[in-house]
Amino acid sequence: MRGWREEVVALSLRGYGYGNEEDDRPDKPRRYGVTEMRSPFYSFRPANQALQEILDSLGPFVDGLKFSGGCHSLMGKELVREITDLAHKHDIYVSTGDWAEHLLRQGPSSFKQYVEECKALGFDTIELNAGSLKLPEDALLRLVRLIKSSGLRAKPLFSVKFDSSDIPASGGRAFGAYIAPVKERSSERIEDVDLLIRRAERCLEAGADMIMIDADDVCQRADSLRADIVAKIIGRLGLEKIMFEASNPSTSEWFVKRYGPRVNLFVDHSDVMNLERLRGFNMRRSDPSSRFASPFFLM
């Protein structure tokens, strides 16, 4: 359901003939056009206070909140619970960041304990950085199933570059079968978008809810964005199950202009308003009858 601020603005716009109910963005939870926001927990203000101020203004347009870089590991459990409760009041899911890989060094049982603790603290989604985990494909799939069996959402994160030892030998990709690496680990990184897509497909088959694409070497800057890689990923996996990391407003603009408001993006909290404006502008271009689909267009 929309908050009263968004409702008042939308009703005011329709009262002046600008848009109608059908032109508004779908109510949360959304299956597409998802905006996941990076946590503002590097602020000098208390974490919950900074988040409260942001959500009071932008809550209706934020679908997810991500604790980036494992910052929740540095907070007390009471504060983490307070933040997750605040997000849930605004119908926002809460995701972990890159942290699970640090726990696997303590053994498989520690990861299960981590999942249970995340659930107790109010997290809804656990992110798995496939590149940092450095696990065989089948082991990654087991983690996805473990997360799902605990009642949480799984969100594997993939980079377009892999360790050279992870890339199957030529001719070993038939029927998408898993080919165990036979080479020793190395520091050489090789671009392989087909391997990314195949692993993402297997994670989705195992129950993953969303696939996050790392910005590095793909979409970190708009002037060097790899449109060919983005197009191939979306063409094979579709828009609904893929989320791209948009590192800056220019990158967000490129994605919305190219793929429309339905694209799922992970952005900094400072870029949420700009992204909502872009989504609304794109909707107006595709539907001339809706001149002001986004309330932020007037701001």
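**Close-up views of a predicted model**

**View 1. The largest pocket and the residues that line it.** In this predicted model, 21 residues line the largest pocket, and those nearest its centre are Arg 30, Val 34, Tyr 93, Arg 153 and Met 210. The volume of this pocket is about 480 Å³. Strand S5, which covers residues 153-158, gives the largest share of the lining, with three residues. If you sort the lining by class, you will find twelve charged, seven nonpolar and two polar residues.

**View 2. Helix H7 meets helix H8.** Here you can follow H7 (residues 137-149) as it packs against H8: their axes come within 9 Å and cross at roughly 35°. The crossing of these two helices is right-handed. On the H7 side, the contact uses Glu 137, Asp 138, Leu 140, Leu 141 and Val 144, while H8 brings Arg 198, Arg 199, Arg 202 and Cys 203. Among the residues of this contact, five are charged, four are nonpolar and none is polar.

**View 3. Helix H8 meets helix H9.** Now look at H8 (residues 193-205) beside H9 (residues 227-237), where the axes come within 10 Å and cross at roughly 30°. Angles under 35 degrees count as roughly parallel, so H8 and H9 are described as roughly parallel to each other. Their crossing is right-handed. From H8, the residues to find are Val 193, Asp 194, Leu 196, Ile 197, Ala 200, Glu 201 and Leu 204; they meet Ile 229, Lys 232, Ile 233, Arg 236 and Leu 237 of H9. This contact of H8 with H9 counts eight nonpolar and four charged residues, with no polar ones.

**View 4. Helix H9 meets helix H10.** In this last close-up, H9 packs with H10 (residues 249-259) at an angle of about 50°, and the two axes are 13 Å apart. How are H9 and H10 placed, roughly parallel or oblique to each other? The angle makes them oblique, because it falls outside the ranges for roughly parallel, roughly antiparallel and roughly perpendicular. H9 passes H10 in a right-handed crossing. To trace the contact, start with Ala 227, Val 230, Ala 231 and Ile 234 on H9, then find Trp 254, Phe 255, Arg 258 and Tyr 259 on H10. By class, the contact of H9 with H10 holds seven nonpolar residues, one charged residue and no polar ones.

Technical notes: Residues numbered from 1 in each chain as written. Predicted model: local features only at pLDDT ≥ 70, side-chain atom pairs only at ≥ 80, totals over all residues. Heavy atoms only, no water. Axes fitted to C-alpha atoms, helices over the stretch in contact; angles between N-to-C directions. Helix = DSSP H or I, 4+ residues; strand = E, 2+ residues; numbered from the N terminus. Parallel < 35°, antiparallel > 145°, perpendicular 65-115°, else oblique. Left-handed = near helix turned anticlockwise from the far one by under 90°. Contact = heavy atoms within 4.5 Å. Nonpolar A, V, L, I, M, F, W, Y, C, P; charged D, E, K, R; others polar. 1 Å grid on protein atoms, 1.4 Å probe; cavity = no way out; pocket = protein on both sides within 12 Å on 5 of 7 lines; lining within 4 Å. Points joined across faces, edges and corners; volume = space filled by probe spheres on them.
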